[in-house]
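Here are my notes on this one, point by point. Have the viewer open while you read.

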Amino acid sequence: MGVPLRPVAARSVYREVAPPAALADVVACGWHGRTGWARPLRVLPDGCADLVWDGEALTVVVTVGAPLRLWVPASASRVGVRLRCGAAAAVLGTSMPDLPAVTRLSDLWGADARRAEEQLASADPEAQRGILESLVARRSATPDQRVLAAVHALGAAARTSEVAVGISERSLRRHFVHAIGAGPKQLHRVRRFQRFLRLLEPLAAGRASLADVAAGLGYADQSHLGRECRRLSGSSPAALVRVAEKFQTPAPAARHDRAHVPSHDRGAR
């Protein structure tokens, strides 16, 4: 998990798999990661929430406005499921602004989460992912379809004003804040930044320029892209490209959810 930021012998590993069809409305993907060496892991914002088992505790990890740094030991294994952007509040049963970046799931779900931790402790990674998926399935959550539709529309819209889902802009913001922890404008920034991350490989290979990418993504200019990168990742666009030059991300599986970047832990970290 985590793109290495310096050359090392032990490489990190991160793989995503498509969710079961019955959970496709609320789960974006399942994943398994292992760190190559002990270090702070930088998690870039994507507006989603993950249920993460780290071998000791089952937590909810949320990133929506700024990068999150977590210390991970060498060879640490993690298994998780990523809840779809806009579905987390329904699944977790709480308003997203009420959650810190990392929350012990037992604080929200009590005995159900503690029983899951006992099962996870004795299972292999494949079985662990199934345990997490079953845990989500038992919630029988129904996300706000207007929020999910608006999140999808933001992927193609140049401005948040172009998103129309049958409710007022003010009501949409209220629903967004509850379901995601950020309003449409903030999520639009995050989703656009995630689209930039998907272009790191062609940038690193010289098949695109930062100026052209900035224009294509709707940034005012290259400087605007630079400011957004620093706010959302703590690094300049050039620094992120240099990481991609050294450590390319593996190609996604055919059924991978393209709304989420297979970038070693949700970003260039």
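1. Before we get to the strands, a word on terms: two strands count as paired if DSSP finds at least two bridges between them. Keep in mind too that this is a predicted model.

2. With that in hand, take β4 (residues 49–53) and β5 (residues 58–62): they pair in the antiparallel sense, over five bridges. For a concrete spot to click on, D50 has V61 in β5 as its bridge partner.

3. Zooming out, that pair belongs to an open sheet of six strands, ordered β1-β2-β7-β4-β5-β8, with antiparallel pairing. β1 (13–17) and β8 (102–104) are the edge strands; each has a single partner strand, so one side of each has no neighbour in the sheet. On average, neighbouring strands here are turned by 25 degrees against each other, ignoring direction.

4. Now the helices. α3 (residues 111–121) lies across β4, β5 and β8, and runs at about 105 degrees to β5. α4 (residues 125–137) lies across β1, β2 (27–34), β4, β5 and β7 (77–83), at about 30 degrees to β7. So much for the packing on the strands.

5. What about cavities: how many of 30 Å³ or more turn up in the whole structure? The search finds two. The second largest cavity holds about 40 Å³ of space. Its lining includes A49 and V62, along with G47, C48, R84 and M96, among others. By type, the lining residues of this second largest cavity split into eight nonpolar, two polar and one charged.

Definitions and conventions:
Residues are numbered from 1 along each chain as its sequence is written. This is a predicted model: local features need pLDDT of at least 70, side-chain atom pairs count only at pLDDT 80 or more; totals for chains, interfaces and linings use all residues. Side-chain values use heavy atoms; hydrogens and water are left out. Helices (H or I, at least four residues) and strands (E, at least two) are DSSP runs, numbered from the N terminus. Axes are lines fitted to C-alpha atoms, for helices over the stretch in contact, and angles run from 0 to 180 degrees between N-to-C directions. Contact means heavy atoms within 4.5 Å. On a 1 Å grid over the protein atoms alone, a cavity is a set of points where a 1.4 Å probe fits but cannot get out, and a pocket is an open set with protein on both sides within 12 Å along at least five of seven lines; lining residues have an atom within 4 Å of a point. Grid points are joined across faces, edges and corners, and a volume is the space filled by probe spheres set on the points. Ala, Val, Leu, Ile, Met, Phe, Trp, Tyr, Cys and Pro count as nonpolar, Asp, Glu, Lys and Arg as charged, and the others, Gly among them, as polar.
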